[in-house]
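Visitor: Could you take me through one part of this model up close? I'd like the aromatic rings and whatever sits around them.

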Amino acid sequence: MSPITMDISKGEMKLSYAKLKDEFGRSDYQFFLQNNARECTSASDQRIGAQRFCFNVPVKGAIYPQVSNLSLIQSNYRALTKPYTVSFYTQTQQKNTNRHGPNSAQKLVLLPFALAFDVVTFPLQLLDN
């Protein structure tokens, strides 16, 4: 069996979060400070009394080569007959974090990618069993 080669890619995802000023709590400000957010309130935000914070989340991933048995996979499984709505739910917990591991914003941003990867590779996982 030949080794699998993959391409490692890195990037940055720019995020912003806006909310009415009077709805921000101390925990919101602490979260933004811990995740190196900066205030980036626009004139439009100011007109409605909102405040906006911007931060960058580093993203790193791998690009795998195309599978060699794609026709076998396609012959065993049918495409979905209609679009399905998918919802992502998050749960907030407050805890002390260290500065050496990935921060909570990185984990939250990567969750949809991890779930999408699981959905895409599910047929392959079935074939392995």
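Guide: Here is a walk through the aromatic rings, with their surroundings after that.

A word on the ground rules: this is a predicted model, where local features need pLDDT of at least 70, side-chain atom pairs count only at pLDDT 80 or more, and totals for chains, interfaces and linings use all residues. Residues are numbered from 1 along each chain as its sequence is written, and side-chain values use heavy atoms, with hydrogens and water left out.

First, the frame. The protein chain has 4 helices and 3 strands (DSSP runs numbered from the N terminus, H or I of at least four residues for helices, E of at least two for strands). Along the sequence they follow the pattern β-α-β-α-β-α-α.

Now the rings. Searching the whole structure turns up 10 aromatic pairs. For Phe, Tyr and Trp (its six-membered ring), a pair needs centres within 6.5 Å; planes under 30 degrees apart are stacked, over 60 edge-to-face, and the rest tilted. Take Tyr29 and Phe53: their ring centres are 5.9 Å apart and the planes sit at 75°, so this pair is edge-to-face. Tyr29 belongs to helix H1 (residues 26–34) and Phe53 to strand E3, so the pair ties together parts 24 residues apart in sequence. Tyr29 is partly exposed at 31% relative accessible area, while Phe53 is buried at 9%. On those words: buried is under 20% relative accessible area, exposed is over 50%, and partly exposed is in between (1.4 Å probe, protein chains only).

Phe31 and Phe32 make another edge-to-face pair, with centres 5.6 Å apart and planes at 70°. Phe31 is partly exposed at 28%, whereas Phe32 is buried at 5%.

Step back and these rings belong together: Tyr17, Phe24, Tyr29, Phe31, Phe32, Phe53 and Phe55 form one aromatic cluster. Phe24 also has a charge for company, as Lys19 lies over its face at 5.6 Å from the ring centre. To count as over a ring, NZ of Lys or CZ of Arg must be within 6 Å of the ring centre and within 35 degrees of the ring normal.

Some cluster members reappear in the largest nonpolar core, whose 6 residues are Phe24, Phe32, Ala37, Phe53, Phe55 and Val57. Such a core is a set of buried Ala, Val, Leu, Ile, Met, Phe, Trp, Tyr and Cys residues joined through side-chain atoms within 4.5 Å. E3 gives the largest share of this core, 3 residues.

E3 holds one end of a disulfide, too. The search of the whole structure finds 1 disulfide (cysteine sulfur atoms within 2.5 Å), formed by Cys40 and Cys54 with their sulfur atoms 1.8 Å apart. Its S-S torsion is about 80°, so the disulfide is right-handed. Cys40 sits in the loop between strand E2 (38–39) and helix H2 (43–47), Cys54 in strand E3 (residues 50–63), and the two are 14 residues apart. Both Cys40 and Cys54 are buried.

One last stop is Asn36, in the loop between H1 and E2. Its phi is near 55°, a positive value in a residue other than glycine; most residues other than glycine have a negative phi. Asn36 is exposed, at 65% relative accessible area.
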